[in-house]
Amino acid sequence: MSTHQAYNEKELLIRIAEGDEAAFSILFGIYLGKLKPFVEKLVVSEDDTREIIQETFVRLWLSRDKLPHVEHPSAYIFRIAANQYHMYLRRRLSQERAVAGYEKTVQPMSDNTEHTLRLHELQRLVQDAISRLPEKRRIIFHMSRNEGMSIREIAATLNLSPKTVKNTLFTALGNIRQYLAAAGEAGWWLILLFLIR
């Protein structure tokens, strides 16, 4: 990475620390393509890959007060992703009870409980926002996010044009963004862009 690129990314982190959504969106675009192959090597499920990357960016946003002090943005972001993978692995091992006493061998992560509670609160707000969407928007949003259907698949299923489906999805995102902004969580809506295929 060149000095110029490193400087730009550090500048983006500073802007994100100030709550700049546009900077967050740019950084999201830069690192989505870098993180996806990294995470895909660790997990087999596309849903798990999506979850780990989503939570990586959520953690980045929640910890944005620390960003002005980050000297190496790429290493910092990949470390967050690695931590999210380890948390995912802990959950999987715990759920499957594959390794007895595994939890005792893992060092607790700092601020993990606080961040987990914060993430759950954000997810609750998103669900509230979705539940308030008009029925047609809610159905299309659900088909896209929860059922993993593409815009063309949704259009064919509902006998709509792909353009109508796309416009409806982005209108739904706008509604969700407004709801979250009113709750003081404007930056969270950008994570939803990753969930729209």
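This is a short tour of one structure, stop by stop, with helix α2 as the starting point.

Before you select anything, note that the model is predicted, with local features needing pLDDT of at least 70 and side-chain atom pairs counting only at pLDDT 80 or more, while totals for chains, interfaces and linings use all residues. Residues are numbered from 1 along each chain as its sequence is written, and side-chain values use heavy atoms, with hydrogens and water left out.

**Stop 1: helix α2**

Select residues 21–40, which make up helix α2. Helices here are DSSP runs of H or I with at least four residues, strands are E runs of at least two, and both are numbered from the N terminus. The expected span is 1.5 Å times one less than the number of residues. For the 20 residues of α2 that gives 28 Å, and the end C-alpha atoms are 27 Å apart, which agrees.

Now centre on Y31, where α2 has a kink of about 35°; the bend is the angle between axes fitted to the seven residues ending at a residue and the seven starting there. While you are at Y31, show K34 as well: K34 lies over the face of Y31, 4.6 Å from the ring centre. A charge sits over a ring if NZ of Lys or CZ of Arg is within 6 Å of the ring centre and within 35 degrees of the ring normal.

Slide back to the start of α2. A side-chain oxygen of D20 reaches to within 2.9 Å of the backbone nitrogen of A22. A22 itself counts as partly exposed, at 44% relative accessibility (buried is under 20% relative accessible area, exposed over 50%, partly exposed in between, with a 1.4 Å probe and protein chains only). Try a distance from A22 to L12, ten residues apart along the chain: their C-alpha atoms are separated by 9.1 Å.

Which residues of α2 are buried? Select E21, A23, F24, L27, F28, Y31, L35 and V39.

**Stop 2: the aromatic pairs**

Rings of Phe, Tyr and Trp (its six-membered ring) pair if their centres lie within 6.5 Å; planes under 30 degrees apart are stacked, over 60 edge-to-face, and the rest tilted. The count by this rule is five aromatic pairs. Show F28 and F57: the ring centres are 4.5 Å apart and the planes are at 50°, so this pair is tilted. Because F28 lies in α2 and F57 in α3 (residues 46–62), the pair ties together parts that are 29 residues apart in sequence. F28 is buried at 8% relative accessibility, and F57 is buried at 1%.

Next, pick F38 and F78, an edge-to-face pair with 5.2 Å centre to centre and 75° between the planes. F38 belongs to α2 and F78 to α4 (residues 73–96), so this pair links parts 40 residues apart in sequence. F38 is partly exposed at 28%, and F78 is partly exposed at 22%.

Return to F28 and add F24, F57 and W61, which together form one aromatic cluster. Beside W61, display R64, which lies over the face of W61 at 4.2 Å from the ring centre.

**Stop 3: the nonpolar core**

A nonpolar core is a set of buried Ala, Val, Leu, Ile, Met, Phe, Trp, Tyr and Cys residues joined through side-chain atoms within 4.5 Å. The largest has 24 residues, of which I16, L27, L35, F57, L60 and L67 touch the most other members. Two or more residues come from each of α1 (3–17), α2, α3 and α4, and α2 gives the most, with seven.

**Last stop: N159**

Finish at the loop between α8 (151–158) and α9 (162–182), where N159 lies. N159 has a positive phi of about 60° although it is not a glycine, and at 70% relative accessibility N159 counts as exposed.

Notes
Polar contact = N/O pair within 3.5 Å; in protein donor to acceptor, adjacent residues only side chain to side chain.
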